[in-house]
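Reader: Hi! Could you walk me through this protein in plain words?

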Amino acid sequence: MTTVLYAFFLPLLAAIGGTRLALIWLRHKQILDRPNDRSSHSQPTPRGGGLAVTPVILLAWIGLAVAGDGQPGLLVVLVGGAALFALSWLDDKGGLPARLRLAVHALAVAAGLIAMPADLLICQGWLPLWADRLVAFGAWVWFLNLFNFMDGIDGISGVETMAIAFGLALLDSVVGDDAGSAQAVVIGATALGFLVWNWHPAKIFLGDSGSVPLGYLLGWLLLQAAGQGLWAPALILPAYYLTDATLTLGKRAWRGEHLLQPHRQHFYQRAVRGGASHAAVSGIILGADVLLVALALLGRTDPLPGLAGAVLTVILLLAYLNRLGKGAPP
């Protein structure tokens with residue numbers, strides 16, 4: 001309990017203070033996200049909140065490991081998270097080729113999977129190890145990137161990060177995984193601290209330096225949970241982000257659009273374009289995420305009812321966001 005308290009309060013305060021310092025520096029350096037016809041905001045806003053968020057998480061995880069709350073493969077994941085942070089910061093500053101970014105994403109994921117214990121099987125032993133790792137590779141790379149894709153309005157990534165992280169912390173505490181619980185609490189607390197500055201109207205954006213490492217680290221924790229038998233909760237907790245991003249990408253691919261081109265076609269973006277405020281949309285998603293956390297806890301012992309409830313929750317959420325977006329400009 002003491003470890004979890006430290007894992008909550010220290011990252012929370014560090015994220016609040018660190019984000020404030022990052023905000024001042026980014027304004028001074030004029031590293032701003034300037035509005036365009038694909039934006040969901042109207043004022044130039046500092047981009048690069050990951051300068052505070054990612055180091056807070058990585059340093060806190062190192063501290064937990066030194067205190068004895070580590071897991072096999074953690075060192076490799078920390079190095080991978082740091083590499084993605086550095087790469088993504090360069091992208092925030094001036095943009096990097098998509099192929100380079102995807103290559104580094106794939107390398108970081110591959111390294112994390114190589115370091116994962118062989119008895120941690122994501123597909124519950126239904127596939128041989130090589131096939132299990134191939135499925136995990138595709139899922140992790142996709143989750144990392146969709147987490148970046150979905151960071152498009154004030155508060156949304158902070159809300160989603162908290163829901164997934166605190167949901168994982170609850171699950172890990174139930175199954176007795178104190179290390180995983182503390183690591184998840186660190187991420188949730190850091191996201192809460194960042195939300196102090198990112199809630200609508202946002203004073204700072206997360207940027208790739210925050211969203212990419214967050215997707216990587218959360219993806220690792222979700223795979224850890226799945227490998228421990230919590231495969232249904234690992235699908236339920238990120239169900240909204242997975243569904244919105246995947247459906248939107250599928251529709252764009254069907255229409256022959258360039259998949260890496262910026263757009264405003266996600267369900268939550270259409271809701272904002274239809275007139276709903278950023279705070280209202282993020283609040284609606286938070287409400288659905290709270291229900292998904294409860295369903296994930298149910299899914300620990302009763303996977304099918306938990307999954308069925310999650311499917312219904314996401315369908316109703318997307319339908320409501322779609323209704324809010326009716327008549328929105330393209």
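**A first look**

Author: Happy to! Of the 330 residues in the protein chain, 53% are buried, where buried means under 20% relative accessible area, exposed over 50% and partly exposed in between, with a 1.4 Å probe and protein chains only. This is a predicted model, in which local features need pLDDT of at least 70, side-chain atom pairs count only at pLDDT 80 or more, and totals for chains, interfaces and linings use all residues. Residues are numbered from 1 along each chain as its sequence is written, and side-chain values use heavy atoms, with hydrogens and water left out.

Reader: Cool. How many helices and strands does the protein chain have?

Author: The protein chain has 13 helices and two strands. Both are DSSP runs numbered from the N terminus: helices are H or I with at least four residues, strands are E with at least two. The chain is as compact as a globular protein of 330 residues, because its radius of gyration is 19 Å, close to the 20 Å from the globule rule. That radius is taken over C-alpha atoms, and the rule is 2.2 Å times the number of residues to the power 0.38.

Reader: And what box do the C-alpha atoms fill?

Author: Roughly 50 × 40 × 35 Å, taken along the principal axes.

Reader: Which residues touch the most other members in the largest nonpolar core?

Author: They are Trp61, Ile187, Tyr216, Tyr240, Tyr268 and Val281, in a core of 89 residues. A nonpolar core is a set of buried Ala, Val, Leu, Ile, Met, Phe, Trp, Tyr and Cys residues joined through side-chain atoms within 4.5 Å. Helix H8, residues 208-227, gives the most to this core, with 11 residues.

Reader: Pick one for me. What is tyrosine 240 in contact with?

Author: Leaving aside neighbours within four places in sequence, the contacts of tyrosine 240 include Met150, Glu160, Tyr268, Ile285 and Asp289. Contact means heavy atoms within 4.5 Å. Across the protein chain, 74% of the contacts with a separation of 6 or more are between residues 24 or more positions apart.

Reader: Switching topic: is asparagine 145 buried or exposed?

Author: Asparagine 145 counts as buried, at 8% relative accessibility. This residue sits in helix H5, residues 129-149, and asparagine 145 touches Leu102 and His105, not counting residues up to four places away in sequence.

Reader: Anything odd in the backbone?

Author: Histidine 200 and proline 201 are joined by a cis peptide bond, with omega about -5°. Proline 201 is in the loop between helix H7 (178-198) and H8. Then there is glutamine 30, whose phi is near 55°, a positive value in a residue other than glycine. Glutamine 30 lies in the loop between helix H1 (2-29) and strand S1 (32-33) and is partly exposed, with a relative accessible area of 47%.

Reader: What about glutamine 124, what is its phi?

Author: Near 60°, again a positive value in a residue other than glycine. Glutamine 124 is in the loop between helix H4 (98-114) and H5, and counts as partly exposed at 33% relative accessibility.

Reader: Last one: how many positive and negative side chains are there?

Author: There are 20 positive and 18 negative side chains, and the centres of the two sets lie 13 Å apart. Lys and Arg count as positive and Asp and Glu as negative, while His and the chain ends are not counted. The place of a charge is NZ of Lys, CZ of Arg, CG of Asp or CD of Glu.
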